[in-house]
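Hello,

Here is the structure I promised to pass on to you. Have a look at it first, and then read on for what turned up in it.

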Amino acid sequence: MNFLRRVFPIAGLMIAVAPLSGCNILIPDVAADSPARFVQETSPVFYQPPGVDPRRVRPIPDQPVPQTRELYKTQFHQTYGLPVTNPLHMAMYGELRDEDFTLPAIPVSRVQPQFLRQEVDYQTIERPGTVVVDTKARFLYFVEPNGKAMRYGVGLGRDGYAWSGRGVIQWKQKWPRWTPPVEMVSRQPEVRAFSAENGGMNPGLQNPLGARAMYIFKDGQDTLYRIHGTPDWQSIGKATSSGCVRMLNQDVVDLYDRLPAKAEIVVM
């Protein structure tokens, strides 16, 4: 009896395991170590469209790597990855709301760069706060301390109409009224409607004096010459006016805010 008690459990276990022998539960899968089987199971499978013989497909030739990138070229014919437009200039000469008027943006890309507002080294015997106009170079300098100056491009009077010398900016005005002098009215009768006797031209965007005017006096007398703004931005850097010093409207607003009372001016 003891023998049967020992045999029956073992026989039952063998009967239960027999149907599972096909699953190799008790037999390790040694074929996984076969290199041939490993290659077969892990080799990549490529998509092959029907009707296409991969042996007759021609490879795409390698494309040459471009050696020059056509991005933004400067006036010096160099190539950079940034736009050549100075964002600072865009801010200085963008649309400006001033008093009751809105000054339109100036297309700075069409103005010669040297005539745009910039701080420069400037050695002079003139004291800070003085205005110096260089008629030959078409620059106006506002003298600052420590050998610096704010430089602006200007338009000047034609030969025979320009004024030069040393004077004082006796007073300045925002959005001035334009009253052409008698001499100008006699030369240009078409401006008679804006003469002093007719009340002059109202302030505005088309007013020849622009957004600001600074009146030049010498020995206490009005010279009839002005530093003023202009809507004609294309005249900057040229000698086209009737003798006054004209500036970009955004620049004359900037100069007006810097200028002290009764500042000295030198036009040379």
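A good place to start is the side chain of Arg212, which makes a polar contact of 2.9 Å with the side chain of Asp98. Please keep in mind throughout that this is a predicted model. Arg212 belongs to strand S11. Is Arg212 buried or exposed? Its relative accessible area is 2%, so Arg212 is buried.

Beyond its neighbours within four places in sequence, Arg212 is in contact with a list of residues that includes Asp98, Gln173, Lys174, Trp175 and Pro176. Ile227, His228 and Gly229 are also among them, as are Val252, Val253 and Tyr256. With Tyr256 there is something extra to see: Arg212 lies over the face of that ring, 5.1 Å from the ring centre. Lys172 lies over the face of Tyr256 too, at 4.5 Å from the ring centre.

Tyr256 brings us to helix H5, which spans residues 249-258. Eight of the ten residues in H5 are buried, so the helix is mostly covered, given that buried means under 20% relative accessible area. The buried ones are Asn249, Gln250, Asp251, Val252, Val253, Asp254, Leu255 and Tyr256.

Next, the nonpolar interior. The largest nonpolar core has 26 residues, and Val131, Leu140, Ile227 and Leu255 have the most contacts inside it. Several elements each supply at least two residues of this core: strands S6, S7 (139-144), S8 (148-153), S11, S12, S14 and S15, together with helix H5. Which of them gives the most? That is H5, with three residues.

Val131 is worth a closer look. Leaving out neighbours within four places in sequence, Val131 touches Leu140, Tyr141 and Phe142, then Ile169 and Ile227, and finally Leu259, Glu264, Ile265 and Val266. There is also a second, separate core of 17 residues, with Val111, Tyr122, Tyr141 and Leu248 among its members.

Now to the aromatic rings. How many aromatic pairs does a search of the whole structure find? The search finds six. In one of them, the ring centres of Phe139 and Tyr141 are 6.1 Å apart and the planes stand at 75°, so this pair is edge-to-face. Both partners are covered: Phe139 has 10% relative accessibility and so counts as buried, and Tyr141, also at 10%, counts as buried.

Another pair is Trp178 with Phe194, which is tilted, with 6.1 Å from centre to centre and 40° between the planes. This pair links distant parts of the chain, its members being 16 residues apart. Trp178 sits in the loop between strand S10 (165-174) and helix H4 (182-187), while Phe194 sits in the loop between H4 and strand S11 (212-218). Trp178 is buried, with a relative accessible area of 12%, whereas Phe194 is partly exposed at 29%. Ring pairs also link Phe115, Tyr122, Phe139 and Tyr141 into a cluster.

Finally, the charged side chains. The count comes to twelve salt bridges. One of these joins Arg127 and Glu264, with 3.2 Å from N to O. This pair links distant parts of the chain, 137 residues apart: Arg127 is in the loop between strand S5 (118-121) and strand S6 (131-134), and Glu264 is in strand S15 (residues 264-267). Arg127 has a relative accessible area of 55%, so this residue is exposed, while Glu264 is partly exposed at 27%.

Asp222 and Arg226 form a salt bridge as well, and their closest N and O atoms are 2.7 Å apart. Here Asp222 is partly exposed, with a relative accessible area of 32%, and Arg226 is buried, with 14%.

A further salt bridge connects Arg246 with Asp232, at 3.8 Å from N to O. The two are 14 residues apart and link distant parts of the chain, with Arg246 in strand S14 (residues 245-248) and Asp232 in the loop between strand S12 (221-230) and strand S13 (239-241). Arg246 counts as buried at 14% relative accessibility, and Asp232 counts as partly exposed at 36%.

One more group rounds off the tour: Arg117, Glu144, Asp251, Asp254 and Arg258 are linked in a network of salt bridges. Asp251 and Asp254 will be familiar from above, as both are among the buried residues of H5.

Enjoy exploring it, and best wishes!

Notes:
Residues numbered from 1 in each chain as written. Predicted model: local features only at pLDDT ≥ 70, side-chain atom pairs only at ≥ 80, totals over all residues. Heavy atoms only, no water. Phe/Tyr/Trp six-rings, centres within 6.5 Å; stacked < 30°, edge-to-face > 60°. Buried < 20%, exposed > 50% of the residue type's maximum accessible area, 1.4 Å probe, protein only. Helix = DSSP H or I, 4+ residues; strand = E, 2+ residues; numbered from the N terminus. Lys NZ or Arg CZ within 6 Å of the ring centre and 35° of its normal. Salt bridge = Lys/Arg side-chain N within 4 Å of Asp/Glu carboxyl O. Polar contact = N/O pair within 3.5 Å; in protein donor to acceptor, adjacent residues only side chain to side chain. Contact = heavy atoms within 4.5 Å. Core = buried A, V, L, I, M, F, W, Y, C linked by side-chain atoms within 4.5 Å.
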